[in-house]
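Here is a short briefing on one protein chain. Keep the structure open while you read.

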Amino acid sequence: LILPPSSNECTQNTTSIHRLTFYTFLQNSLFQSPEQENEGFKLGSMIISVGGNAVRLAEKLQFSFQVIKDAKNANLAQWINDSNQTGKWSTEESEKLSTQNNIVITEVKVRNNADKTKFYQGNFAMLLDLNPGMTCPAADVVTFIGTVLSIISLLFFLVTYLCSKPLRKSEHGTILINISCALLCLYIVFLMAAYLKSVPALCGISAALVHYFMLVYFMWTASEAVFLFFKLVKVFGNNMNYFTLKVALISWLVPLGIVIISAGAGYRYYYNSNYCRASGLPFYLGFISPFLAIYVFDWIVFIVIMVSLCKQSSRSANVTADNGYTFRNNVIIAAGLALVLGLGWGFGLAASSHNINALACTFQFLFSVFVSCQGLLLLFFHGVRNKNAKKVWGSWIGSYRRSYTITMSMKPGEGDAVHSRSDQTAANSQHTSSQENQPSVDSSCEEPSKAATTEEKLIDEGSFDAST
């Protein structure tokens with residue numbers, strides 16, 4: 001502890017004595033803040049307790065600490081008591097002066113320095129941030145842009161699948177619709193949580209929703225893995241009665257129970273000043289544990305399916321002798337499977353657990369690309385490359401072209417004469433029917449019948465959806 005020269009100045013009473021007390025605590029049993037521990041803060045030095053009217057005369061104090069870990073993330077903190085008989089460590093009025101060989105020299109402003117006659121007592125220690133925010137601007141930009149594009153893509157994807165009866169009635173289409181709904185809700189709540197850190201109640205609610213929709217999404221990826229295993233590997237002898245109904249109840253209700261139990265353990269675990277997500281015990285038991293179990297299961301099913309498909313492709317390649325096409329086809333299948341099974345989420349664990357900043361930033365960038373752009377990739381693999389989805393889009397384009405052609409072909413003032421023309425057509429209908437045996441017919445009356453016949457033919461051929 002370094003006291004400034006002003007501490008030796010006498011007060012108005014020249015007979016006063018400047019006293020100084022100095023204690024050290026090797027353990028933090030008396031200075032615990034569970035919220036800060038959940039946020040990743042930990043004491044990195046002994047606790048120094050300083051008191052006396054000599055300290056009261058000082059405006060600033062300087063400390064020289066030897067921290068137990070890397071000093072780059074260490075800041076001098078003083079213990080602040082609150083009205084709830086608890087407290088926390090505050091680094092607001094401290095400033096780091098120098099750092100060398102884990103020796104940190106810092107300066108802190110003495111709090112409540114108005115009355116210099118009172119006895120002052122302060123507790124100081126070095127606070128380590130074990131989870132410092134890594135500066136990776138490229139990953140942040142990719143995350144925001146990819147999330148916005150994925151939200152738009154998922155909305156377009158859902159409308160397409162809901163407008164196509166073959167897609168929404170199939171079991172695989174139903175699973176993809178539920179995956180898209182969970183992923184869409186997750187993206188929206190994630191963007192909301194990024195701007196609600198300053199409001200504790202809303203931050204806690206958004207953190208619980210992020211926890212819930214993440215678990216729902218992973219449950220549906222596990223359901224997709226089971227479905228693909230029975231359809232592509234174990235083709236015979238499988239019982240798939242009411243499969244989508246069963247997995248829907250499990251995938252939407254089980255995560256709800258997990259979030260309720262986690263929130264019941266302590267709502268404070270869903271809020272801190274740095275981010276809006278679960279932390280502490282609910283984070284590890286209520287999120288990381290289910291995620292790891294489902295993630296490992298998805299990888300096992302992915303490997304089994306790809307081995308089975310490669311065996312089938314090798315047998316067919318021996319017959320067709322087209323190895324290049326077979327390889328490209330297997331790569332596309334592998335990419336599509338990895339997408340719907342959520343295998344790209346593993347980069348998040350690598351980014352959060354790696355100690356090297358450069359590699360962690362690389363994994364963070366890969367995580368941002370594969371996760372934030374997942375909605376866009378889902379639209380490409382299961383929308384653009386799907387024949388039924390193309391039929392729906394073709395019907396939309398065809399309807400727009402017909403309406404645009406009719407609008408452009410109408411002359412100015414022609415719209416006002418529509419009713420008169422329809423009356424004239426109705427009046428001449430009997431005369432037209434009497435001349436149906438004549439070989440010559442007006443070409444203007446023949447065009448609507450051709451258009452109607454063509455539309456009926458396209459609907460019958462499946463190019464247009466009947467409901468649309």
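**Phe144 and the surface patch**

Phe144 sits in helix α3. The model is a predicted one. With a relative accessibility of 45%, Phe144 ranks as partly exposed, because that class lies between under 20% for buried and over 50% for exposed. Phe144 also belongs to a nonpolar surface patch of about 760 Å².

- The other members of this patch are Val141, Ile145, Val148, Leu149, Ile152, Tyr195 and Leu376.
- Which helix gives the most to the nonpolar patch? Helix α3, spanning residues 137–163, does so with 6 residues.
- Phe144 is also a contact of Leu191, a residue outside its four-place sequence neighbourhood.

**Leu191 in helix α5**

- Leu191 belongs to helix α5.
- Beyond neighbours within four places in sequence, Leu191 contacts Phe144, Thr147 and Ile151.
- Leu191 and Ser206 lie 15 residues apart in sequence. Their C-alpha atoms are 9.6 Å apart in space.

**The chain as a whole**

- The chain holds 16 helices and 9 strands.
- It has 468 residues, and 37% of them are buried.
- Its accessible surface is about 27,900 Å². Carbon and sulfur atoms account for 61% of that surface.
- Take the contacts between residues at least 6 apart in sequence: 76% of them join residues at least 24 apart.

**The nonpolar cores**

- The largest nonpolar core has 66 residues. Which of them touch the most other members? They are Phe218 and Trp345.
- Eight elements each give two or more residues to this core. They are α3, α5 (171–193), α6 (200–232), α7 (243–265), α8 (280–320), α9 (323–340), α12 (374–384) and α13 (387–409).
- Helix α6 supplies the largest share of this core, with 17 residues.
- Phe218 touches Phe287, Phe291, Ile294 and Trp345, once residues up to four places away in sequence are set aside.
- A second core is separate and has 12 residues. Among them are Phe63, Phe65, Val104 and Met126.

**Glu224 in helix α6**

- Glu224 is part of helix α6.
- Is Glu224 buried or exposed? Its relative accessible area is 1%, so Glu224 is buried.
- Apart from neighbours within four places in sequence, Glu224 contacts His172, Ile175, Ile179, Val340 and Leu341.
- One of these contacts, Leu341, is 117 residues away along the chain. The C-alpha atoms of Glu224 and Leu341 are separated by 7.0 Å.

**Val301 in helix α8**

- Val301 lies in helix α8.
- Val301 has a relative accessible area of 6%, so it counts as buried.
- Setting aside neighbours within four places in sequence, Val301 contacts Ala225 and Phe229.
- Leu228 is 73 residues from Val301 along the chain. Between their C-alpha atoms the separation is 8.5 Å.

**Tyr270 in a loop**

- Where is Tyr270 placed? Tyr270 is in the loop between α7 and α8.
- This loop residue is buried, because Tyr270 has a relative accessible area of 3%.
- Tyr270 has contacts beyond its neighbours within four places in sequence. They include Cys203, Gly204, Ala207, Ala208 and His211.
- Other contacts of Tyr270 are Val259, Ser262, Ala263, Arg277, Ala278 and Pro282.
- Tyr270 and Gly280 are 10 residues apart in sequence. Their C-alpha atoms are 8.9 Å apart in space.

**Strand β3 and its partner**

- Strand β3 covers residues 47–51, and 5 of its 5 residues are buried.
- In a regular strand, side chains alternate between the two faces of the sheet.
- In β3 both faces are covered. Ile47, Ser49 and Gly51 are buried on one side. Ile48 and Val50 are buried on the other.
- Strand β1 (residues 21–25) pairs with β3 in the antiparallel sense, over 5 bridges.
- Which residue of β3 stands opposite Tyr23? That residue is Ser49.

Terms used
Residues are numbered from 1 along each chain as its sequence is written. This is a predicted model: local features need pLDDT of at least 70, side-chain atom pairs count only at pLDDT 80 or more; totals for chains, interfaces and linings use all residues. Side-chain values use heavy atoms; hydrogens and water are left out. Patches are made of residues with over 30% relative accessible area and no salt bridge: like charges are joined within 9 Å, nonpolar side chains (Val, Leu, Ile, Met, Phe, Trp, Tyr) within 5 Å. Accessible areas come from the Shrake-Rupley method with a 1.4 Å probe; for residues, only the protein chains shown count as cover. A salt bridge is a side-chain nitrogen of Lys or Arg within 4 Å of a carboxyl oxygen of Asp or Glu. Helices (H or I, at least four residues) and strands (E, at least two) are DSSP runs, numbered from the N terminus. Buried means under 20% relative accessible area, exposed over 50%, partly exposed in between (1.4 Å probe, protein chains only). A nonpolar core is a set of buried Ala, Val, Leu, Ile, Met, Phe, Trp, Tyr and Cys residues joined through side-chain atoms within 4.5 Å. Contact means heavy atoms within 4.5 Å. Two strands pair if DSSP finds at least two bridges between them.
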